[in-house]
Amino acid sequence: MNIVDLRSDTVTLPSPEMKQAMLTAPLGDDVLGEDPTVNRLEELAAEKVCKEAALFVPTGTMGNVCAVLAHCGRGEEALVGDRSHIYHWEAGGVSVMGGVPLHPVATRSDGEIPLKELAAAVRNDLDTHEAPTRLVCLESSHNECGGPVLSLDYLARAKTLADDRGMKVHLDGARLFNAARYLGLPAAVITARVDSVMFCLSKGLAAPVGSIVAGDGGMIEKARRLRKMLGGGMRQAGVIAAAGIVALERMTDRLEEDHLNARRLAEAIADEPAFRIDMDLVQTNIVCFEPVGEVTLPAFIETARKNGLLLSKTKTSLRAVTHYGIGAEDIDRAAKALKVTAAEVQTG
Ligand SMILES: *Cc1c(COP(=O)(O)O)cnc(C)c1O
């Protein structure tokens, strides 16, 4: 049986052009700053998000750790959404490794942290009982919320709030280019409203490995030292950076196709009474939905697997992610598999 794998956009395989670029990339020791391909990727990435400097890191998780620890010293707190990736899915790294307490604030279903609650969460620097708040972390598109995108207006108001209180804003933009595609704007328009950004090359952009952190020169210098401390200083990393360059140059425009496929799948799900779905949140390449009735999410996922469809889940819903390698005909097969699965789990 031909399996349709919608678990995540991390399952994407590198394009033929990426493999070719990896074969022929000029290389050097990047820890010595001598890998021309890494240097080119970092320059290109900084340009794309219009920041002074960028750093190539092995994973988005390491990128977020480097960014948060570049902004906050030990005992200085970061505000995060209570459904954010940094809070839930990164093993508490910034607290474990950097002594940075995470202060979670309730997130709305569309991924926004209401600004009133954000402002109320900021600590009083003068009170010795409190860990001073130095950073606000936002996420767009929002993974756990099912891929919704923060508006430019929201980002601008969050930045003003942070500026007024001497705090920085870090954007976990693992899927930054999906967010940009949804808004129909260059990514730099989004990142102009934050101090630093992390984005993944290895998700929808289909590179095999790698993420980028970008910000001002001083911040990236700190992040570079932190990357070394964390064991992320890689030597001839141009082998993988070469694919990252292709990802940035060739793979951002095609994200529209993933968004159309996600829409197509969401519409089929909305037509099926066996599921609940909030179509307003289907903005990018993630489709979150719930089966109606008693079935547990793991049981549904197991039955879907037998019907040739691989899904994942969030804490509360099923999750399907469209990506490079998935076409409209795969979506139609996925929709059929969902229908069959819903009927099977209902009759037990
Ligand atoms: C995937 C993801 C990350 C982490 O990226 P890895 O490369 O898997 O470590 C961070 N934030 C968000 C929102 C993500 O979706």
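**Exercises: loops, ligand shell and helix packing**

S141 lies in the loop between β5 (133-139) and α7 (152-164) (helices are DSSP runs, H or I, of at least four residues, and strands, E, of at least two, numbered from the N terminus). The model is predicted, so that local features need pLDDT of at least 70 and side-chain atom pairs pLDDT 80 or more, while totals for chains, interfaces and linings use all residues. Residues are numbered from 1 along each chain as its sequence is written, and side-chain values use heavy atoms, without hydrogens and water.

**Exercise 1.** Describe the backbone at S141 and at C50.

*Solution.*
Step 1. Consider the peptide bond that leads from S140 to S141: this bond is cis, and its omega is near -5 degrees.
Step 2. Turn to C50, which belongs to the loop between α2 and β2 (53-57).
Step 3. Read the phi angle of C50: the value is near 55 degrees, which is positive although the residue is not glycine.

**Exercise 2.** State how many residues surround the ligand, and which elements supply them.

*Solution.*
Step 1. Count the shell: 14 residues surround the ligand (a heavy atom within 4 Å). The closest are G60, T61, D172, R175 and K203.
Step 2. Assign the elements: α3 (60-71) and β7 (196-200) each supply at least two residues of this shell. The largest share, three residues, is that of α3.
Step 3. Sort by character: three residues of the shell are nonpolar, six are polar and five are charged (Asp, Glu, Lys and Arg are charged; Ala, Val, Leu, Ile, Met, Phe, Trp, Tyr, Cys and Pro are nonpolar; the others, including Gly, are polar).

**Exercise 3.** Identify the polar contacts of the ligand with G60, T61 and R175 (N or O atom pairs within 3.5 Å).

*Solution.*
Step 1. At G60, the partner is a polar backbone atom, 2.8 Å from an oxygen atom of the ligand.
Step 2. At T61, an N or O atom in the side chain lies 2.6 Å from a ligand oxygen.
Step 3. At R175, the side chain again offers an N or O atom, and the separation from an oxygen of the ligand is 3.0 Å.
Step 4. Consider the burial: the ligand taken alone exposes 380 Å², of which the protein buries 86% (Shrake-Rupley method, 1.4 Å probe).

**Exercise 4.** Classify the packing of α2 with α11, of α3 with α10 and of α1 with α11.

*Solution.*
Step 1. Fix the classes: under 35 degrees is roughly parallel, over 145 roughly antiparallel, 65 to 115 roughly perpendicular, and the rest oblique. Axes are fitted to C-alpha atoms over the stretch in contact, and angles run from 0 to 180 degrees between N-to-C directions.
Step 2. Helix α2 (residues 36-48) packs against helix α11 (residues 238-250) at about 30 degrees, with the axes 8 Å apart. Helix α2 is therefore roughly parallel to α11.
Step 3. For α3 and helix α10 (residues 217-229), the angle is about 125 degrees and the axes are 8 Å apart, so these two helices are oblique to each other.
Step 4. The axes of helix α1 (residues 16-24) and α11 come within 8 Å and cross at roughly 140 degrees. Helix α1 is therefore oblique to α11.

Technical notes:
Polar contact = N/O pair within 3.5 Å; in protein donor to acceptor, adjacent residues only side chain to side chain.
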